[in-house]
Amino acid sequence: MRNMAMTVRNRGDSVKSADPAVGSASGGTEARLPLEGIRVIEQGAFITGPYASMLLADMGADVIKVERPGTGDAFRSYDGTL
């Protein structure tokens, strides 16, 4: 992993649960996300790798994205045209 830049992305904060067994959504107990406490190191550079990492982060994982220095993820500047 020499000469790689790292960014940390954490989208996995606790969420309110609407399940009455857990608590009410308006002010009850907070539910834990399924991957909370899991750390993932992502080295993907094309669409599916970063997308999968986003899904893991949405489920509570701490995602550490390793990118090529100077250029980063090529699809960050993708405009959507083929």
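**Entry 1: Ala61**

I started at Ala61, which sits in the loop between α1 (48-58) and β5. This is a predicted model, and I read every value below with that in mind. Ala61 has a relative accessibility of 0% and therefore counts as buried. I then looked up a C-alpha distance from this loop residue. Ala61 and Pro34 are 27 residues apart along the chain, and their C-alpha atoms are separated by 8.3 Å.

**Entry 2: the chain as a whole**

Next I listed the elements. The protein chain has one helix and five strands. Read from the N terminus, the order is β-β-β-β-α-β. I looked up burial for the chain: of its 82 residues, 23% are buried. I also looked up the accessible surface, which is about 6000 Å². Carbon and sulfur atoms hold 58% of that surface. For contacts with a separation of 6 or more, I found that 50% come from residues 24 or more positions apart.

**Entry 3: β4, α1 and β5**

I turned to the end of the element order. β4, α1 and β5 form a right-handed β-α-β unit. Do β4 and β5 run parallel or antiparallel? They run parallel, and four bridges join them. I checked one partner: Glu42 in β4 has Lys65 as its bridge partner in β5.

How many residues of β5 are buried? Five of its six are, so the strand is largely enclosed by the rest of the structure.

β4 gave me two faces to note. Val40 and Glu42 are on the covered face, while Arg39 and Ile41 are on the uncovered one. In a regular strand, side chains alternate between the two faces of the sheet.

**Entry 4: Glu42**

I gave Glu42 its own entry. Glu42 belongs to strand β4, residues 39-42. Buried or exposed? I looked up Glu42. Its relative accessibility is 6%; the cut-off for buried is under 20%, so Glu42 counts as buried. I listed its contacts, leaving out residues up to four places away in sequence. Glu42 touches Gly49, Pro50 and Ser53. Glu42 also touches Val63, Ile64, Lys65 and Val66.

**Entry 5: salt bridges**

I searched the whole structure for salt bridges and got three.

The Glu42 and Lys65 side chains form one of them, at 3.2 Å from N to O. This pair links distant parts of the chain, with Glu42 in strand β4 and Lys65 in strand β5, 23 residues apart. Both Glu42 and Lys65 are buried. I noted that Lys65 is also the bridge partner of Glu42 in β5.

Lys65 turned up again with Asp73. Their side chains meet in a salt bridge, also listed at 3.2 Å, N to O. I checked burial for this pair. Lys65 has 11% relative accessibility and so counts as buried. Asp73 has 11% relative accessibility and so counts as buried. Which residues are linked in a network of salt bridges? I found Glu42, Lys65 and Asp73.

I then looked at Arg32 and Glu36. They form a salt bridge with the closest N and O atoms 3.5 Å apart. Arg32 has a relative accessible area of 61% and is therefore exposed. Glu36 has a relative accessible area of 23% and is therefore partly exposed.

**Entry 6: the nonpolar patch**

Last, I looked up nonpolar surface. Which residues make the nonpolar surface patch? I wrote down Phe46, Ile47, Phe75, Tyr78 and Leu82. The patch covers about 630 Å². I placed one of these residues: Leu82 lies in the segment after β5 (62-67).

**Entry 7: recap**

I close with the items I would look up again. Ala61 is buried in the loop between α1 and β5. β4 and β5 are parallel, with four bridges. Glu42, Lys65 and Asp73 share a salt-bridge network. Arg32 and Glu36 form another salt bridge, at 3.5 Å. Phe46, Ile47, Phe75, Tyr78 and Leu82 make a nonpolar patch on the surface.

Conventions. Residues are numbered from 1 along each chain as its sequence is written. This is a predicted model: local features need pLDDT of at least 70, side-chain atom pairs count only at pLDDT 80 or more; totals for chains, interfaces and linings use all residues. Side-chain values use heavy atoms; hydrogens and water are left out. Patches are made of residues with over 30% relative accessible area and no salt bridge: like charges are joined within 9 Å, nonpolar side chains (Val, Leu, Ile, Met, Phe, Trp, Tyr) within 5 Å. Accessible areas come from the Shrake-Rupley method with a 1.4 Å probe; for residues, only the protein chains shown count as cover. A salt bridge is a side-chain nitrogen of Lys or Arg within 4 Å of a carboxyl oxygen of Asp or Glu. Buried means under 20% relative accessible area, exposed over 50%, partly exposed in between (1.4 Å probe, protein chains only). Contact means heavy atoms within 4.5 Å. Two strands pair if DSSP finds at least two bridges between them. A crossover is right-handed if, with the strands pointing away from the viewer, the path from the first strand over the helix to the second runs clockwise.
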